[in-house]
Amino acid sequence: CPSRDITLTPRRRIGVRRAMKRLEEQGDKVTRQALLKDYQYDGIETCAVDGMCATTCPVDINTGDLIKRLRRENHSPFQNKMARYVASHFSLFESAAKHSLNTGFLFNKIFGKNFMKKVTAGTKKIFPAMPLWSNQLMKIETKISGNIVSTENEKVVYFVTCISRMMGGETQDVFLSVCKKAKIDVIIPGNIKGTCCGQIFSSKGYADAFRITANATIDKLWQHSEEGILPVVLDVTSCTQTITSYPNYLTEINKSRYDKMTFVDVIDFAADKVLPRLNISAQKKSIVFHPVCSVYKMNSMNKLRAIGNACAEQAEIPYFAKCCGMAGDRGMLYPELTASATKREAAEVNTKTYDGYYSSSRTCEMALSESVGKNYQSVLKLLDEVSV
């Protein structure tokens, strides 16, 4: 649990909930209210809802699901209405986010690289909901392009996730580069802007907004996948895992479409499709991975190791590599969570110097880069670096 050293563990979250229930039955409103007030931060806000607790719980209890439910119950009608609006007009949100980031990059260029970090830190003291600027954010230079299909090679649909579109740096470029080397043709939907897997809504407990997003995503990708014939590849592992939770939120027609579609995570794609076709010519000496939570939950660790073994003489996964606490934007809102969650892993990683640091989610890469002091990049970048 990423919050175990800063607020509560899953067991304590459940224990406090039971205590509040007992106080309610005893009629002790004062003590219950005091617990409830502290629980907002200690129990709800600092929970990453990553579900990693279920991977070690002997009875598979996912405390993250409890916290999602509590968040859902705490939302006002106005908040739910706003979430539905954002979900229905996500392209506007994406454009606004890109504009804000570009403005931040401009200010940093004019006033110094730490300007935005200091400004947002100061603003956060007055408005706690203000997300902190991270110097790990990367400006997107490449615009979403059209299809790259010139041969009769194997084809895939590339779902450039909203994280990669807004803050993914060169993720799209390296994806296209390794596919070109592997002779895999790539179809990038021209109308991908405004498409999101919905994790941002699901993790915050906005069920209706998540339903809107899930159905819009399937509507769009159904056509581009040639009605399920072509696999859809995602470049962020947590987004892939989010899509596995779609069925209960889809309309009947989209559920039927979903069942015919194939969604492939970047790690599976790299290990199963790209790696066998690449000419590895510049194997690195030593590298280190940060497996994101979804790697554990989707049982992709062996494939991550296979990528490492092919690309480096020594590929390590730290013993203390667990949830980084970033949870999308959670680490920007509560940076103390990611600092606490990554301190053991960072200390372990920094006992050595590696030739490369890699992961499979841009936000998690940002968290580890901040904590370790090294530049974490996509596994796609690793494949591109070692091949010709």
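Mentor: Before we start, two strands pair if DSSP finds at least two bridges between them; strands (E, at least two residues) and helices (H or I, at least four) are DSSP runs, numbered from the N terminus. The model is predicted, with local features needing pLDDT of at least 70 and side-chain atom pairs 80 or more, while totals for chains, interfaces and linings use all residues. Residues count from 1 along each chain as its sequence is written, and side-chain values use heavy atoms, without hydrogens or water.

Trainee: OK. In what order do the strands of the sheet with strand 5 come?

Mentor: The order is 6-5-7-8, in an open sheet of four strands with parallel pairing.

Trainee: Which strands are at the edges?

Mentor: Strand 6 (312-316) and strand 8 (376-378). Each has a single partner strand, so one side of each lacks a neighbour in the sheet.

Trainee: How many bridges between strand 5 and strand 7?

Mentor: Two bridges, in the parallel sense, link strand 5 (residues 284-289) with strand 7 (residues 357-359). Phenylalanine 289 has tyrosine 358 in strand 7 as its bridge partner.

Trainee: Which strands does helix 20 touch?

Mentor: Helix 20 packs on this sheet and touches strand 5, strand 7 and strand 8 (contact means heavy atoms within 4.5 Å). The direction of helix 20 makes about 80° with that of strand 8; angles run from 0 to 180 degrees between N-to-C directions, with axes fitted to C-alpha atoms, for helices over the stretch in contact.

Trainee: And which residues of helix 16 meet helix 20?

Mentor: Leu304, Ile307 and Cys311 do, against Val379, Leu382, Leu383 and Val386 in helix 20. The axes of helix 16 (residues 301-311) and helix 20 (residues 379-386) come within 10 Å and cross at roughly 25°.

Trainee: New topic. What is the strand order in the sheet with strand 1?

Mentor: That open sheet of four strands runs 2-1-3-4, again with parallel pairing. Its edge strands are strand 2 and strand 4 (263-265), each pairing on one side only.

Trainee: How many bridges join strand 1 to strand 2?

Mentor: Four, with strand 1 (residues 154-159) parallel to strand 2. Glutamate 154 has isoleucine 184 in strand 2 as its bridge partner. Three bridges join strand 1 to strand 3 (residues 232-234), where tyrosine 158 stands opposite valine 233.

Trainee: Are the residues on the faces of strand 2 buried or exposed?

Mentor: Buried (under 20% relative accessible area, 1.4 Å probe, protein chains only; exposed is over 50%, partly exposed in between). Ile184 and Val186 lie on one side of strand 2, Asp185 and Ile187 on the other.

Trainee: Which strands does helix 9 lie across?

Mentor: Helix 9 (residues 171-181) lies across strand 1, strand 2 and strand 3, at about 145° to strand 2. Helix 14 (residues 266-274) lies across strand 1, strand 2, strand 3 and strand 4, at about 90° to strand 4.
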